[in-house]
Amino acid sequence: MSGAEVEEAPAGLIPGHILAGRYTVLDKLGQGGMGVVVAAYDSRLDRRVALKLLRRGRSTEGSEGEEAWLVREAQAMARLSHPHVVAVYDAGTLEDGSLFIAMEYIQGRTLRSWKSERPRTWREVLEAYIAAGRGLAAAHAAGLIHRDFKADNVLVGEDGRARVTDFGLARTQTAVGSPETAPAPVAQEPVSLPEASVPTDLRVTARPSGSWSSVLTLPGMFMGTPAYMAPELFRGSPADIRTDLFAFCASLYEALFGQLPFRGSTPTDLTRAQLAGKAVTPPEASEVPAWVTRTVLWGLQPDPRKRPASMEPLLAALADDPDKRRRGVLRRAGVALAMVGLAALAVWGWARQEGPVPGCSQVSRQLGGIWDSEVRARVKQALLGTELPYAADTFTRVASVLDGYTEAWVKQRTEVCELIRQESAQGQGLAVRREYCLERRRSQLRALTELLARGPDKELLPRAVQVAQSLPPLEYCADTKALTAAVPPPEDATLRAQAEALQQQLDAVETLLDAGKYKEGQARSDELLRKADQLGHPPLQARALFLGALSRDGTGDYKGAEELARQSVSMAARGQDRLVAARASGLLYFLVGYREARHQDAGLLQIGMEMAVELADDDLTRANACNSEGIILADMKRYEEARQKYECALALREKVLGPEHPLVTPPLNNLGNVFEELGRPEEAARMHERVLSIREKALGPQHPDLASALGNLGNALTSLGRYEEALERHERALAVREQALGADHPLVANTLNNLSDTLRTLGRYEEALRHNERALALQEKTLGADHPRLAATLLSQGTVLEELGRYDEARQRHERALALEEKALGKDDADLADSISGLGRVAEATGHYDEALRQYQHALSLREAALGPDHPLVASSLDELGSVLTALGRYDEAGRLLARALAIQEKELGPQNPEIAETLRASGSLLLARGKPAEAEPILERALSLGPPRLRARLQFLLARALWELGKDRPRAVELATEARSHWQGLHHPKGAEASQWLASHGSR
């Protein structure tokens, strides 16, 4: 509806009056801001209905369109059938032209009235709101947004069922039907508000009471209740699922704590609180648990991106009552104990195969030959025998990890031994399962120490610490949920013995794969799969298939891995091994979605994977799934969604392993990389600094895995303009890799390229070129001349050659890079944009402006399609287009593009980021071309203060021209041009001649 004042309700509401030829008015039920609701009898369908009669405004402007969408909305609601949504039966126009909606008649009261009838426990309130939330979620699934969710718009029937109603303000989502026009921003009282707050040029029409909980009518066809409205609505953003979610949480907060979540003495103060996200602290005496409060506040985040993406995760979190979960576990454990009792004797017999332990105090003897002084000496000899510089440090760290692990194992095993001795046979079920779990851990420990001790292995040494730290957590062996979920061994004694022997061999294979020995692991897993098939025990067959899939993934046989992963999922389901089913489903999803880049097929697998992961109910498996989803989303350039998945993986791994565990670093590293892609280098640097800190602490200062963390951190520091710090990180990374891996290792080329890029930024082009040339030679030697990985090196080398003015050589490098990338990626991948832009820069520098324009436009289209219109890389393409359009004399077009580039960069990178200097340089050049040196001067001064060293000479020369043309401080102009000329002459760059010519004609030589 518009902001017009409202008239009285339609006439003819006397009981007995017939409306629309079928509805007999019975009595009046209520009256609100949009109309009157009456009880009526539907003669056609012989039932009682609630008839909503909508008011008509004095102004008829736009009324036909409003009537049309209200009818369409009612018709859409009529197609929605859900137990927690009031059913809509019919909609149309009455005889006098008024609109009506016929709805389900509910004998009951509003949710607000229900709450106030008598004291309600927080659990009762929460259950009622969860039910209403499910109705809201169903509407969202049907493409509908409510726009005014609150307790007054939820009815609770005599049956106790909550139903969402009053979708009179709702509109279909943008994805359904025609595009939605964003509502105009809401104005507040004409007072001084904080910067970036609510606009003040529009007015609100509210109910006469002026109540802050009453419905607003806003220009731009939006209505709502301010106390429950999301902050972005006040800023003029369109309503969506997250705005409904905010209203739901605001209403739930009010119901739980007896107060609105945001407080203010005036509407303006209240809006300020909502915009800032300053929720009122819940009363100290409240019985509402902290987990509920945290979840509700999650939905009240002022930034919609930080709220849940939909109602489903919010409702799942609200329904995840830890007390209920614990009671459920105990109930399941009771059932499981009965089952365990049947299997206990079988497991008991297995656990005693090695003979009785003399006493519980002698449990440590069971580690003889697994981790004792003799095994320790053999492991030390093997690791030090590699003669790698970090071998001694690696042994010390591996030994420390294994000492801690075995100490914890002995402690738990002793405790279990005492429990078994003390308890009766009927009460030993869980204790026996703990014993079985700990024996599995002992088998896995044996597999690791045997691998470490078998001889010097230069390929194993870099992964030794990580493999030791990847031993399965012992905490699982004390976790009732994990124990009862685990698949017990076979009851048949013969089958059990064979299965146990095979299980130990599979443990050895998994250790090989953790150590990166994929070919050896594949041969062993194939052999064991044949044995498992002969044994016919589905859980073992599923695990053998899974390890076979993992080994093939490691060797690059992705199709073979995919087939075995599919078979593993099916076999794990037959064997009721939920953990293997979840791991195999996750691997299958990763193989299809990332290894084979079949994104659409992966989307079809995703639901099954997520279901398997939830059934497994294991946080590390959840973390792996989140990480895989993030990797695939990043591969699809959906970086914001990838960020959310990586944060999920990080939180879960920190929860299980602690914040300093090395396995926390993969999602941290991925987060850093995606922050780089999102143009958020400060956050990227923080992630990579933490990765470096964790790895250095866990692996030591000479370990080769530090090099990648140092390189990523160096790249982030370069983006931040902290060039000397970046250079120091890259130089250290190079030293680490050369010392640990040798000067000719392929990974050394990656570090050389990173170092070259930073040196180029510092204007040290000859050094940068030497590192590029060495990197290219290494890669051609180890990878071959046609490997796509050479493209990045060729691109970097071409960019350096541009800076040196060696344009023919630069063009050759960019053309070769583009050919390699097109062969590997196809012609429409956004990663081609860098090479295409490089060709454009060469064309522009050599005066081929039309060719440059074509290349820049191609790069821009690729980037916008993949990254969206507001990514910093899009701004780079806009800079390039602005520059060449200036050269072509198309000044107005150039100005528009450069203004857009600057707006993107200042928003995404901040006004002090060095990357902005390139846009400012192009803008200053444009203004000089238009004969506006007075406007160019401050822009170029700002660019010079921000810009990286590689831009300094060009900025100096442009500023010199501006100052001279202004007749302002001409001695400084000459000084700036002279410095620029010296720089270019030192590089033998063609622009040195241009600077000399300018100086000669302006009173200097």
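In this predicted model, Glu629 is located in helix α21, which covers residues 619-635. Although glutamate is a charged residue, Glu629 has a relative accessible area of 3% and is therefore classed as buried, the limit for that class being under 20%. When residues up to four places away in sequence are not counted, Glu629 touches Tyr589, Gln606, Met609, Glu610 and Lys645.

A second buried glutamate, Glu803, belongs to helix α29, which is made up of residues 790-803. Its relative accessibility is 13%, so Glu803 also falls in the buried class. Apart from neighbours within four places in sequence, the contacts of Glu803 are Arg760, Tyr765, Arg950, Arg954, Leu987 and His989.

Regarding the chain as a whole, the model contains 39 helices and 14 strands, and 52% of its 1005 residues count as buried. Of the contacts between residues at least 6 apart in sequence, 63% join residues that are at least 24 apart.

In soluble globular proteins, nonpolar side chains tend to be buried together. The largest nonpolar core of this chain is composed of 51 residues, and those with the most contacts inside it are Tyr129, Phe149, Phe248, Leu252, Leu256 and Val296. At least two residues of this core come from each of the helices α2 (111-117), α3 (122-141), α5 (241-257), α6 (267-276), α7 (290-298) and α8 (311-319), and likewise from each of the strands β9 (154-157) and β10 (162-164). The element that gives the most to this core is α3, with 12 residues. For Val296, the contacts beyond its neighbours within four places in sequence are Cys249, Leu252, Tyr253, Leu256 and Leu318.

A second core, separate from the one just described, holds 43 residues, among them Cys360, Ala391, Leu402 and Leu474. Within this second core, Cys360 is placed in the loop between α9 (322-351) and α10 (373-384), and it counts as buried because its relative accessible area is 9%. The C-alpha atom of Cys360 is separated by 5.5 Å from that of Thr414, even though the two residues are 54 residues apart along the chain. Thr414 is also one of the residues in contact with Cys360 once neighbours within four places in sequence are left aside, the others being Cys417, Glu418 and Arg421.

The arrangement of aromatic side chains was examined next. A pair of aromatic rings is described by the distance of the centres and the angle of the planes. In total, 10 aromatic pairs are counted in the model. In the pair formed by Phe149 and Phe248, the ring centres are 5.4 Å apart and the planes meet at 50°, so this pair is tilted. Because Phe149 lies in the loop between β8 (144-145) and β9 whereas Phe248 lies in helix α5, the pair ties together parts of the chain that are 99 residues apart in sequence. With a relative accessibility of 0%, Phe149 counts as buried, and Phe248 is likewise buried, its relative accessible area being 0%. Elsewhere, ring pairs link Phe957, Trp964, Trp984 and Trp998 into a cluster.

Enclosed empty space was considered as well. Rolling a probe the size of a water molecule over the atoms shows where empty space is left. Three cavities of 30 Å³ or more are counted, and the second largest of the cavities has a volume of about 70 Å³. Its lining consists of 12 residues, and those that lie nearest the centre of this cavity are Arg147, Tyr228, Met229, Thr243 and Ala247. Helix α5 gives the most to the lining of the second largest cavity, with three residues. When the lining residues of this cavity are sorted by class, seven are nonpolar, two are polar and three are charged.

Finally, Leu898 is found in helix α34, which comprises residues 891-908, and it is buried because its relative accessible area is 2%. Leu898 and Gly882 are 16 residues apart in sequence, while the distance between them in space is 5.8 Å from C-alpha to C-alpha. Gly882 is also among the residues that Leu898 touches when those up to four places away in sequence are not counted, together with Leu878, Asp879, Thr919, Ala922, Ser923 and Leu926.

Definitions and conventions
Residues numbered from 1 in each chain as written. Predicted model: local features only at pLDDT ≥ 70, side-chain atom pairs only at ≥ 80, totals over all residues. Heavy atoms only, no water. Core = buried A, V, L, I, M, F, W, Y, C linked by side-chain atoms within 4.5 Å. Buried < 20%, exposed > 50% of the residue type's maximum accessible area, 1.4 Å probe, protein only. Helix = DSSP H or I, 4+ residues; strand = E, 2+ residues; numbered from the N terminus. Contact = heavy atoms within 4.5 Å. 1 Å grid on protein atoms, 1.4 Å probe; cavity = no way out; pocket = protein on both sides within 12 Å on 5 of 7 lines; lining within 4 Å. Points joined across faces, edges and corners; volume = space filled by probe spheres on them. Phe/Tyr/Trp six-rings, centres within 6.5 Å; stacked < 30°, edge-to-face > 60°.
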